[in-house]
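Subject: Structure for your review

Dear colleague,

Please find the structure below, handed over for your own work. My findings follow it, beginning with the charged side chains.

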Amino acid sequence: MKKAFTLMELMISVVIFSFISILFFKMLNQAKHTNTFLITKINKINVKGKIMKTIYLDILSKTDNNITINNIDKNFDSILFKSDYSIHKRIRPYIIYKVVDNILYRVESRLKPNKRIDNLEEGITVDSLGKVQTFRVYLKNKGGSYLIDYRIEKDKIRPFIVKSH
């Protein structure tokens, strides 16, 4: 009866253990890459969702039926309106969405801005909402429904409709 393992049996067990360890570390590395990829995608989706929610709440909470839509070019509009919704705790602020150099800005002011909003005065807050490929706003009907076509670079987000009161 044998009381110990032979050298050959030990070497085979070490090779099998090494092979299993290599596969385990490859699998672990692939899981880390997948996790990083998914976290990046989820963060992008969260950012898009927050921007869409902000636009939606701004237009939904507008105080009158007056939204001024200015066509900048074939891909971009700027809009101006008064809203009950404020990110910066203002009472019934004027909200402007404007695209400058493919970056969508949200301007919140307690006073109605001039025709030119390039020179910004005190009492306003400017939030950069990120690079956009398209930002168009269409009046869907006289009842206050707006179609918003908002696309981040190379994304295929469908336009959404906001029906305000």
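A search of the whole structure, which is a predicted model, returns six salt bridges. Three of these are described here in turn.

The pairing of Arg106 with Asp58 has an N to O distance of 2.8 Å. It connects distant parts of the chain, since Arg106 belongs to strand S4 (residues 103–109) and Asp58 to helix H1 (residues 7–60), with the two positions 48 residues apart in sequence. Arg106 counts as buried because its relative accessibility is 0%. Asp58 likewise has a relative accessibility of 0% and therefore counts as buried.

A further salt bridge is formed by Asp77 and Arg136, whose closest N and O atoms lie 3.1 Å apart. Asp77 is part of strand S2 (residues 77–82) and Arg136 is part of strand S6 (residues 134–141), so this pair ties together parts that are 59 residues apart in sequence. How buried are the two partners, in terms of relative accessible area? Asp77 has a relative accessibility of 1% and so counts as buried; Arg136, with a relative accessible area of 13%, is buried because the value falls under the 20% cut-off.

Arg90 and Glu108 also meet through their side chains in a salt bridge, at 3.6 Å from N to O. Arg90 is located in the loop between S2 and strand S3 (94–100), whereas Glu108 is in strand S4, so the contact ties together parts that are 18 residues apart in sequence. Both Arg90 and Glu108 are buried.

Which residues are joined into one network by salt bridges that share partners? The network consists of Asp58, Arg90, Arg106, Glu108 and Asp127. Two of the pairs described above, Arg106 with Asp58 and Arg90 with Glu108, thus have their residues in this network. As general background, side chains of opposite charge can pair when their charged atoms come close.

Turning to the surface, there is a nonpolar patch of about 630 Å². Its contributors are Met8, Ile12, Ile16, Phe19, Ile20 and Leu23. One of them, Ile12, is found in helix H1, the helix that also holds Asp58. Ile12 has a relative accessible area of 45%, and is therefore partly exposed, as this value lies between the cut-offs of 20% and 50%. Within helix H1, then, Asp58 is buried while Ile12 is partly exposed.

With kind regards

Notes. Residues are numbered from 1 along each chain as its sequence is written. This is a predicted model: local features need pLDDT of at least 70, side-chain atom pairs count only at pLDDT 80 or more; totals for chains, interfaces and linings use all residues. Side-chain values use heavy atoms; hydrogens and water are left out. A salt bridge is a side-chain nitrogen of Lys or Arg within 4 Å of a carboxyl oxygen of Asp or Glu. Helices (H or I, at least four residues) and strands (E, at least two) are DSSP runs, numbered from the N terminus. Buried means under 20% relative accessible area, exposed over 50%, partly exposed in between (1.4 Å probe, protein chains only). Patches are made of residues with over 30% relative accessible area and no salt bridge: like charges are joined within 9 Å, nonpolar side chains (Val, Leu, Ile, Met, Phe, Trp, Tyr) within 5 Å. Accessible areas come from the Shrake-Rupley method with a 1.4 Å probe; for residues, only the protein chains shown count as cover.
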